[in-house]
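These are my notebook entries on a structure that I had not examined before. I set down what I looked up, entry by entry.

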Amino acid sequence: ADGGTIQEQLLSHGLVWVSDRYCNQQQLCDKWREVQRSAKKKRLGLWREWDAAIVGISDADTVTAKSADGGHAEKIRLWGIDAPETQQRMGPEATQALTRMIRGPITVEGYGYDKYWRLLAILHTPQRVSLQEQLISQGWVWVYDEYCDDKALCDKWRDLQQTARSKRLGLWIDPDPTPPWEWRKQQREWRKQQREARARAK
């Protein structure tokens, strides 16, 4: 890829990733995805793996991890899932479930960064079981369809989610729980209405 476009060079070194939402020239985007797959297979750049200890838990999909060699600490957003917010029903219980799952060092499998510059990652136990898979299987989170774009893996997770839902595990004890992305949208709309009401009252 050294003789290719700047995009290909960046992809080949694992420094960026293909945006499936906006990459719409099929032949070119397929070529770029192949370059990305090669970088991912080699664990280059954003796709690197590193051993870490969890030093903070914000909620069931966001943690802070410190590298096992005593180096940097990084805020990590668990890739591919969305957990109920702390203020939502079952939010605290989901966070407690994640806390119980963390029993020692974890391996961080990088998937890039989000718009808040949190590292997106799959977190693995020493037995190579992902925390995402455990949370989904126990019914504490949703598969985040908007961002879960590894088809084979995400389809597997959706099957696990459907099984948890059918067994009414975790948050699925509620037959129709509000997904966190909908809850956040409702909160934004409520705050907007409050601002507009205060402005009219002046």
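Entry 1, a term. Before listing charged pairs, I fixed the meaning of a salt bridge: a side-chain nitrogen of Lys or Arg within 4 Å of a carboxyl oxygen of Asp or Glu. I also noted that the model is a predicted one.

Entry 2, a long link. I looked up D150 and found that it forms a salt bridge with K40, with 3.8 Å between the closest N and O atoms. D150 lies in the loop between β7 (142–143) and α5 (151–166), while K40 belongs to helix α2, so the pair ties together parts that are 110 residues apart in sequence. D150 counts as partly exposed, at 24% relative accessibility.

Entry 3, a second link. I then turned to K31, which forms a salt bridge with E8; their closest N and O atoms are 3.3 Å apart. K31 sits in helix α2 (residues 26–41) and E8 in helix α1 (residues 6–12), so this pair ties together parts that are 23 residues apart in sequence. Is each partner buried or exposed? I recorded K31 as partly exposed, at 43% relative accessibility, whereas E8 is buried, with a relative accessible area of 8%.

Entry 4, a pair within one helix. The side chains of D155 and R158 meet in a salt bridge of 2.9 Å, N to O. Both residues lie in helix α5, 3 residues apart, which is about one turn of the helix. I listed D155 as partly exposed, at 29% relative accessibility, and R158 likewise as partly exposed, with a relative accessible area of 27%. I noted next that salt bridges with shared partners join D61, R77, D82, E85 and R184 into one network. How many salt bridges does the structure hold? I entered 16.

Entry 5, the chain as a whole. I recorded 6 helices and 7 strands. From the N terminus on, the elements run α-α-β-β-β-β-α-β-β-α-β-α-α. The C-alpha atoms fill a box of roughly 60 × 45 × 35 Å, taken along the principal axes. Of the 202 residues, 43% count as buried. Among contacts between residues at least 6 apart in sequence, 58% join residues at least 24 apart.

Entry 6, surface and charge. The chain exposes about 12,000 Å², and carbon and sulfur atoms supply 51% of that area. I found a nonpolar surface patch of about 290 Å², made by I6, L10 and L15. L10 is found in helix α1 and counts as partly exposed, at 33% relative accessibility. As for charge, the mean positions of the 33 positive and 28 negative charges are 4 Å apart.

Entry 7, backbone angles. Most residues other than glycine have a negative phi. I therefore looked for exceptions. M90, which is not a glycine, has a positive phi of about 75 degrees. M90 lies in the loop between β4 (81–82) and α3 (91–101) and counts as buried, at 14% relative accessibility. R168 is also not a glycine, and has a positive phi of about 55 degrees. Where does R168 lie? I placed R168 in the loop between α5 and α6 (180–201). At 48% relative accessibility, R168 counts as partly exposed.

Terms used: Residues are numbered from 1 along each chain as its sequence is written. This is a predicted model: local features need pLDDT of at least 70, side-chain atom pairs count only at pLDDT 80 or more; totals for chains, interfaces and linings use all residues. Side-chain values use heavy atoms; hydrogens and water are left out. Helices (H or I, at least four residues) and strands (E, at least two) are DSSP runs, numbered from the N terminus. Buried means under 20% relative accessible area, exposed over 50%, partly exposed in between (1.4 Å probe, protein chains only). Patches are made of residues with over 30% relative accessible area and no salt bridge: like charges are joined within 9 Å, nonpolar side chains (Val, Leu, Ile, Met, Phe, Trp, Tyr) within 5 Å. Accessible areas come from the Shrake-Rupley method with a 1.4 Å probe; for residues, only the protein chains shown count as cover. Contact means heavy atoms within 4.5 Å. Lys and Arg count as positive and Asp and Glu as negative; His and the chain ends are not counted. The place of a charge is taken as NZ of Lys, CZ of Arg, CG of Asp or CD of Glu.
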